[in-house]
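Biologist: I'm new to this one, and I'd like to know where the labels come from. Can we go through them together?

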Amino acid sequence: MKKIYALLTTLLLTIGVTAQSYNTNRGFVHPGGLHTQEDFDRIKDLLAKGDPTITAAVKVLTQAAYAQSTAGTSPVQTIVRGGGKGENYINAARGATIAYQNALVWKITGNKANASHAINVLMQWANTTKGIGGDSNYALAAGLYGYQFAQAAELLRDYEGWAPERFEQFRQWMLQVWYPSAMGFLRGRNGTWENVGRWWQAPGHYWSNWGLCNALCVMSIGVLCDDVFIYNQGLSYIKYDQVGTFTDPRTANPILNDGLTEFMGNLVVTVTNTPANLKASSYGTIGQMQESGRDIGHATMAAGLAIDIAHMAWNQGDDLFSFMDNRLAAGIEFVAAQTQNIEGLPWTNYKYGTNGMYYTDNRCWTMTGPALGNQIRPYWGTVIGHYQGVLGKDMPYSEMAYANLIKNGPDGGGQGSTSGGYDHLGYSVLMNYRDHKATTEEVPTLLAPKMVVGNDTLCHNELGGLANTFKTNNNTGVAKGTVIKLLPQLRDGSEDTGQWQWNTGETTRNLTVTANESYVYRVCYTNKHGVKSYLCFSIAVQGDCEPTPVEVSATYNGVTATDSITIFYDDAITLKAASKDGFGSFAWSTGATSSNITVKNLRKDTLFTVAFKNQGGAISYDTIRVHLKYFRPQMAVNGKVKVDTVQCLCQPGDKVAFAPYVPSTFKDIRFQWSSGSTDRSVTYNDIQATIVDTLVYTLFGKSYTVCYVAYLSDTLDSAIPEGYYLIRDRFHDTYLTNNTVEGLPYANATFTAKKEGDALQQQAWKVTNENVDGPCYDLQNLADQRYLALTMRMTASTRTPYYFRKATGTQWYHLRNKRPCYFTINDDGTVDHTTYYVPTNFPVELIPYTLPAGIHDIHADKASDDKRYNIQGQRVGADYKGLIIHNGKIVLMRY
């Protein structure tokens, strides 16, 4: 269906906006997912130096089965997770893993075969997968494999072999398949957040890993697709309390899961000073995480997803590691201690209630202590690489977990036959290893955000797209033209060297911008040791994001159409607008604002337009044209109406009415029947012969003709006088033609336009009575004496009897062969000779044909000589071209 991204004039005036193609220059770092170009440059440098850890890590990658350029993938149309039947999500997990690992190999080794294979895998999925399904677990598939596909694509976006149009196709796939699923979960929680029908809401019904993987997916799509609004949406679930139940410090015991569990304040449930019986990190704090009391597998999964979110944000210039006084570090250390079976971890009971059980229900789960167990997942290299290698911080329990991770060598990536082997992309040592702990002189100066907008001073670094609840609100962007002061702050009173560089070109510390477009403003600060640090301000302007396609359909009398549809004058039509973005709003050219509308009493052709405003305020459009009709041919036999019918086979004595349908409210039409009547309908009682009555009706000054026929069939086959005939299809004005003389010896006979001159012989047929079973006839072609066989092929010897049956009172026939099968003549002139039911019309008429002078019949002359004659009986030479008579036969001599 045609999508319109330019507003029609009338709608433009109504809505007051213009639509334009999306600009992808938004200030994002690329590659800027879990890895940056700086990471790959560091790896290559360490390889060149022969670093044993990196050398071993690269070997783990290049020898992995999924990192080979021959690794196969199996895309599916619908990815299914949960529901107990038809689950295939592991295909997507492996597909994303293959693409990611091949992309890593290319980025490190430069092997283009890996890059090409990775792109081929991504495009196979993009060309195949249309949706994500299953039970509520679909959300895990959306979050986990959505972020992984996006991360793989982010690494490959600058590969010269990925054509721009194919990359754009992949972008749209991420936006139209993965983003709606991930964002749909985040905003709706499968209905548990709003919890309609109960008197409480249950935003914390889902464990943190559900929200974390989907927030990671949305952020990854935001970066890949250069959409600031989408990036901010994903980030908002980590940085902001969308519910408003968080308190700090927490005093309740037990703590209730009464907020979104991926929000940093709820993800790391409590933060306390590290007790004396435990090893303290450089931050001196430790804090249980939301799933710490559930089981060790889910606790470590959640921690790993949170680490990846923080790491990707860091690569864009957003410091989630330091957010809320380094709250994530406290949670990471707690989970690391759990994996090392450390006793005596500080604990506050945590009560898990669901949408089905309120907190007072004794079936709610109260977790009374941390789950311990030795589970090491492939992300501890990221933890140590950041805290030790970049910041120079000690994280003692994380270091213990890291030691367990690498005791048998650096970690790999996705593997196995169950979901847990693919929760994280892995290769954390390879991608984050530093050969030493950062010294004081090597540590970047951390920057803190500050903005002034009007009279408001804000200590955060994003605007627009931050309010995302189950309620539709697509006006959360920054108003276009807003003046914003960006004020990066030095933490801990660090000395200002004055070395600032913005990605917009300015070299001042502070920057004042007018927000006319969505953009990620990024400043680079160089401290006195020459170490660079970054801070970004992501500003999402209202409406300046990727538009979401909207599709309009119309349904009328059970028929649905998407481009145009025809209905009767003064009837009603139901229009439906659909978008994969479930949190937008609709505006019809009729003024209606619901997704489905019914327009009644339509009395003129109308182009209906719908505008869809998505979550970020971008507007897309679609149209459908509704045409009106005023006349429908129909007839009635013995009171039974036959719609869209102008001819039918009747029985003697039937009552027949030729009665076209015209809406009763439509008056501008006139009727004239060949029988003389000017009424809308004519009726014939007790018919005894075929009735033909032609209607000329005049509509808006233009006349149209409809021929009505009520056929009666003779009860016996017709006796046809022997002789030569042209066999004409009266409905198409075409003639039965012998095609073998055109050079195709086994060609079927078909109905074609009437030929001229000598070629007319191909359409002349000798009709001879076989006298086998009543009047039945051979059909022999004049041009080459071949017979029409049973299958419509021409044959020199096989004779097939044909039977003619006439419409009573006419010279119209239908034909059948001995099976009996009836001729059905198709629009292209071919004949279906396998129809066993009796036709309701009589398509054929026989036109007598007179042989040309000099030709008495088409019998063969016994003499055999080389004398040749033209059709006029004149002798011609051997080089004569055209139809000739030779040895008693008519032959076509080609030019």
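**Exposed, buried and in between**

Modeller: Let's start with Lys 49, which is exposed, with a relative accessible area of 60%. And keep in mind that this is a predicted model.

Biologist: Why is Lys 49 called exposed?

Modeller: Exposed means over 50% relative accessible area. Lys 49 has 60%, so the label fits.

Biologist: And what makes Asp 45 partly exposed?

Modeller: The in-between class sits between under 20% for buried and over 50% for exposed. Asp 45 has 38% relative accessibility, so it counts as partly exposed.

Biologist: How do you know that Lys 49 forms a salt bridge with Asp 45?

Modeller: The rule asks for a side-chain nitrogen of Lys or Arg within 4 Å of a carboxyl oxygen of Asp or Glu. In this pair the closest N and O atoms are 3.2 Å apart, so the pair passes.

**More salt bridges**

Biologist: How many salt bridges does that rule give?

Modeller: The count comes to 25.

Biologist: What makes Asp 158 and Lys 107 a salt bridge?

Modeller: The closest N and O atoms are 3.8 Å apart, and the cut-off is within 4 Å, so the pair counts. This pair links distant parts of the chain: Asp 158 is in the loop between H6 and helix H7 (164-188), while Lys 107 is in helix H4 (residues 89-109), 51 residues apart.

Biologist: Are those two partners buried or exposed, or in between?

Modeller: One of each of two labels. Asp 158 has a relative accessible area of 48%, so it is partly exposed. Lys 107 has 8% relative accessibility, and therefore counts as buried.

Biologist: Why is the contact of Asp 717 with Arg 816 called a salt bridge?

Modeller: Their side chains meet at 2.8 Å, N to O, and the rule needs within 4 Å, so the name applies. Asp 717 lies in the loop between strand E34 (702-711) and strand E35 (723-729) and Arg 816 in strand E43 (residues 813-816), so the pair ties together parts that are 99 residues apart in sequence. Asp 717 and Arg 816 are both buried. Elsewhere, Glu 154, Arg 157 and Asp 226 are joined into one network by salt bridges that share partners.

**Helices**

Biologist: How do you know that H6 is mostly covered?

Modeller: For helix H6 (residues 138-156), 19 of its 19 residues are buried. The helix reaches 27 Å from its first C-alpha to its last, close to the 27 Å expected at 1.5 Å a residue.

Biologist: What describes the packing of H11 and H12?

Modeller: Two packed helices are described by the angle between their axes and the distance between the axes. Helix H11 (residues 296-316) and helix H12 (residues 323-339) pack at about 145 degrees, with axes 10 Å apart. On the H12 side, the contact is made by Leu 328, Ile 332, Val 335, Gln 338 and Thr 339. The contact residues of the two helices divide into nine nonpolar, three polar and no charged.

Biologist: Which helices do the buried residues of H14 pack against?

Modeller: They pack against H12, helix H13 (380-390) and helix H15 (428-432). Among the buried residues of helix H14 (residues 396-406) are Tyr 397, Tyr 402 and Leu 405.

**Loops with unusual backbone**

Biologist: What makes Thr 469 partly exposed?

Modeller: Buried means under 20%. Thr 469 has 21% relative accessibility, so it counts as partly exposed. Thr 469 is in the loop between strand E12 (462-463) and strand E13 (482-486), and touches Arg 187, Trp 193, Gln 242 and Phe 583, not counting residues up to four places away in sequence.

Biologist: Why do people point out a cis peptide bond or a positive phi?

Modeller: Because most residues other than glycine have a negative phi, and most peptide bonds are trans. Here the bond from Asp 248 to Pro 249 is cis, with omega near 5 degrees, and the bond from Asn 253 to Pro 254 is cis with omega near 10 degrees. Pro 249 is in the loop between helix H9 (228-239) and strand E4 (255-256), and Pro 254 lies in the loop between H9 and E4.

Biologist: Which value of phi does Asn 601 have?

Modeller: A positive one of about 50 degrees, although Asn 601 is not a glycine. Phe 700 is not a glycine either, and has a positive phi of about 55 degrees.

Key
Residues numbered from 1 in each chain as written. Predicted model: local features only at pLDDT ≥ 70, side-chain atom pairs only at ≥ 80, totals over all residues. Heavy atoms only, no water. Axes fitted to C-alpha atoms, helices over the stretch in contact; angles between N-to-C directions. Helix = DSSP H or I, 4+ residues; strand = E, 2+ residues; numbered from the N terminus. Contact = heavy atoms within 4.5 Å. Nonpolar A, V, L, I, M, F, W, Y, C, P; charged D, E, K, R; others polar. Expected span 1.5 Å × (residues − 1). Buried < 20%, exposed > 50% of the residue type's maximum accessible area, 1.4 Å probe, protein only.
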